[in-house]
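Student: Please take a close look at one part of this predicted model: a loop between two strands, the sheet around it, and the pocket that the neighbouring elements help to line. I would like a single connected account.

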Amino acid sequence: MEKNERRSLPGRGGEVDLDIRDLAFGGAGVGDIDGLIVLVRGGFPGDRVRARIRRKRSGYLEADVVELLKASPRRRNPPCRHTAVCGGCALMPLDEHEQTEIKQRQAVDLLQRIGGFKPAELLPPLMLPSPLEYRNKMEFTFSRRPWTEVPPDPLAAPSDEERLALGLHPRGRFDAVFDVTDCRLQSPLTNRILTCLREESIRLGLPVYDSRRDNGLLRHVITRISTHWPDLLVVLVTRDWDDRIRLLSATLRRRVPQVTGVVLLINREKATVARGDETHHIWGRPYIRETIGGWTWRIGPSTFFQTSAAGAEKLLCKALEWADPKSDETAIDLYCGAGTFTLPLARRMKQVVGIESVSEAVFEGRANADRLGMKNVIFHDALVENILRPKHGNNREAAQAEILERLKLKQSPDLILLDPPRAGLHPKALPSLALLAPKRIVYISCNPSTQARDAKALIEAGYTANRFQVCDLFPQTPHMETILLMERARAGGGRLKD
């Protein structure tokens, strides 16, 4: 074959044999066909697989394993019976230490490739003490069309069988659900809850919501369980109210007495998300309590909180260590949730301002601060991009003064801590970080690619990336938390380009 000649590539649905040599960010195996990258879902380094092309992208192909021709020596027997069909624990066939090593390599690569920098200090990754049953929150979906417990054909249509299913989505499919009976990421009580709700919903004849027809009732189930308290909250998400919900929850209370509360969220939108605009307290305690770093938090149906109490403890200790708070300093905590970082910082600093757009979380943060008599912390119920976006964009001094007045701060903060969603810091808020010119920025992220993008802009505005660490708080999955310490390299403040 000539140097620039490439053999005919298979189209969608075509199959090809190839070796997997690496793992990409997100969990797909990396192979190639005559130099063209193929991202293979279900493939691991060292495998030789037969893969079916799912999609053609610009410069690469996406595929799924249809047959394992030669297993990698790195593989193990997964400890979960749902691994073959479920897309949640994509890394479970690998040993936990190897999972963490791969995530470390991926995160550093993203910093260099997207951010164009290498941190001055790269610390060894953190791991959870237990790689199973670590989640304090899980979301499950009701469906009218169950997927059978076999590895799904990525090109097949879901079953047309009308039968209530309650569980998780098969790998790569969001139009069907398989029944979960033994998820290993949360407490075994979760499996008992799902079995009870599934069986009782069928007995009561409760219809499942269908987004295509915009009718039906049952949508989602959320479970939240505490590590340090005997609290277990079940959240039902439906399209509307139905009196049979009380019968359903009464049966759950009898069959799984460890449940301490049931809440109903009503979501009348067509979007298939596990949230609601109306909240109904059915019985019991409408929240769970969790203790992190000596602080006890109330976590409601929609409150953001780290999915692992042990992981949250590690992350809090690391964030406080890197933030290096001092008694005469001030700080801003962006995307602060219920104040997991805000309140511990306020114990050590002169004043701390938290910004969060989820009203339920802000309420809990303020309640905790009031209960503890903390007068030096302010919570703003607002979008970060709204409260940090100045109207005087062309006048640096006026813009800075406007933001500080809105935040009720008399001077620029010494520290900004942020823990944004996967999309990263909002583009309208990013310029204000350099405008406020804090001495230190502690950036916690669940997506190192957007963290790298934002850090690149901050470096251009005069900050240095001094310390970086991967926190593998999500064993068995491709997800990770990363923490980056940035410090101002030059006096004054910059202004990032909008």
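**A loop, its strands and a pocket**

Tutor: D34 is partly exposed, because its relative accessible area of 34% falls between the 20% limit for buried and the 50% limit for exposed. This residue sits in the loop that runs between β3 and β4. Its backbone is worth checking: D34 is not a glycine, yet has a positive phi of about 50 degrees.

For a second case, go to D214, in the loop between α2 (188-204) and β12 (218-225). D214 is also a residue other than glycine with a positive phi, here near 55 degrees. Its relative accessibility is 25%, so D214 too counts as partly exposed.

Back to the strands on either side of D34. β3 and β4 belong to an open sheet of 6 strands with mixed pairing, in the order β1-β5-β6-β4-β3-β2. At the edges are β1 (15-19) and β2, each of which pairs on one side only. Strands of a sheet pair through backbone hydrogen bonds, and the pairing can be parallel or antiparallel. The β2 strand runs antiparallel to β3 (residues 29-33), and 2 bridges join them. Within this pairing, L23 stands opposite G29 of β3.

L23 also leads to the pocket. The second largest pocket holds about 350 Å³ of space. It is lined by 13 residues, and those closest to its centre are L23, A24, F25, D109 and R113. Three elements give two or more residues to this lining: β2 (22-23), β4 (36-41) and α1 (96-115). The largest contribution is from α1, with 5 residues. By character, the lining of this pocket divides into 7 nonpolar residues, 5 charged and 1 polar.

A word on confidence. The chain has an average pLDDT of 90, and 93% of its residues score at least 70. Residues 1-5 have a pLDDT below 50, and this stretch makes 3 contacts in the model beyond near neighbours in sequence. Where pLDDT is low, the predicted coordinates should not be read in detail.

Note on methods
Residues numbered from 1 in each chain as written. Predicted model: local features only at pLDDT ≥ 70, side-chain atom pairs only at ≥ 80, totals over all residues. Heavy atoms only, no water. 1 Å grid on protein atoms, 1.4 Å probe; cavity = no way out; pocket = protein on both sides within 12 Å on 5 of 7 lines; lining within 4 Å. Points joined across faces, edges and corners; volume = space filled by probe spheres on them. Helix = DSSP H or I, 4+ residues; strand = E, 2+ residues; numbered from the N terminus. Nonpolar A, V, L, I, M, F, W, Y, C, P; charged D, E, K, R; others polar. Pairing = 2+ DSSP bridges. pLDDT = per-residue confidence, 0-100. Contact = heavy atoms within 4.5 Å. Buried < 20%, exposed > 50% of the residue type's maximum accessible area, 1.4 Å probe, protein only.
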